[in-house]
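Colleague: I am new to this structure and would like to go through it slowly. Could we look at it together, one topic at a time?

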Amino acid sequence: ADVLGRWMPWCHADYSMDEAKAWLAACQAEWARGTSYPYLIIESKSHGVIGSVDINQINREHSLGNIGYWVSSAHCGKGIATAAVKLVIQFGFAEIGLARLEIVALTQNVASRRVAEKAGARFECIVRNRLVGWDKSHDAAVYSIIPDIGG
C-alpha cells in the first residue's frame, strides 16, 4: 500500500474486505448505468487481483471518457498496466463509441505518465489543481487518445 498509496488516496495499509466489497458493488452499478467500465487485472497463475483499469467520468454529450488504472507494487514495471490500457482503449472506441479518451496523472507520478505514453496517449498539458486527493488540489498531466481513423 505504501507505493500505490502515494498515488491513490483510497489505498491504505488497513484497506478492509468491506471496502473491497463496496468497491466491487459500486463497479457493478456503474457498469449497469454505463457511467464507468471497470475491469480487474487478474494474475494468470494465482488468479489473484493485481490491478484494475477502467473508463470512467464518461461524458456522452462530448463523447469522451477518462482512463484510470493501477497495478500492485509487486507487479509494476512488467508492462501489465500498458497492456491493460491498450485493451481498454480499444473497448472505449469500438464498444462505447467514444471519440476521445483522457489519462490524467499527478505530475510527479512518472510511472503512470510513462504508461500513458507507452499506450499511445499524447501529452497535452499540465493542468493546475486538476486532481483532488489527500485533502488538497494537485496539478496533473493530461494525455489524450483519439481513434486512428483511416490509418
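Colleague: Before anything else, which residues in α2 are buried?

Modeller: This is a predicted model, in which local features need pLDDT of at least 70 and side-chain atom pairs count only at pLDDT 80 or more, while totals for chains, interfaces and linings use all residues. Residues are numbered from 1 along each chain as its sequence is written, and side-chain values use heavy atoms, with hydrogens and water left out. Buried means under 20% relative accessible area, exposed over 50% and partly exposed in between, with a 1.4 Å probe and protein chains only, and helices (H or I, at least four residues) and strands (E, at least two) are DSSP runs, numbered from the N terminus. By that measure, the buried residues in α2 are Ala81, Thr82, Ala84, Val85, Val88, Ile89, Phe91, Gly92 and Phe93.

Colleague: How far does helix α2 reach from its first C-alpha to its last?

Modeller: Helix α2 covers residues 80–94 and has 15 residues. The expected span of a helix is 1.5 Å times one less than its number of residues. The reach of α2 is close to the expected 21 Å, namely 21 Å.

Colleague: Is Gly120 buried or exposed?

Modeller: Gly120 lies in the loop between α3 (110–118) and β5, and its C-alpha is separated by 9.2 Å from that of Thr82, 38 residues apart along the chain. Because its relative accessibility is 51%, Gly120 counts as exposed.

Colleague: How many bridges join strand β5 to strand β6?

Modeller: Two strands pair if DSSP finds at least two bridges between them. Strands β5 (residues 122–133) and β6 (residues 136–145) run antiparallel, and Val127 has Ala140 in β6 as its bridge partner. In their hairpin, with two residues between the strands, Trp134 takes a positive phi near 55°. The bridges that join β5 to β6 number eight.

Colleague: What kind of pair do the rings of Phe123 and Tyr143 make?

Modeller: Rings of Phe, Tyr and Trp (its six-membered ring) pair if their centres lie within 6.5 Å, and planes under 30 degrees apart count as stacked, over 60 as edge-to-face and the rest as tilted. The structure holds three aromatic pairs. Here Phe123 lies in strand β5 and Tyr143 in strand β6, so the pair ties together parts that are 20 residues apart in sequence. Since the centres are 5.4 Å apart and the planes stand at 65°, the pair is edge-to-face.

Colleague: Which residues form one aromatic cluster?

Modeller: One member is Phe91, which is among the buried residues of α2. The cluster consists of Tyr37, Tyr39 and Phe91.
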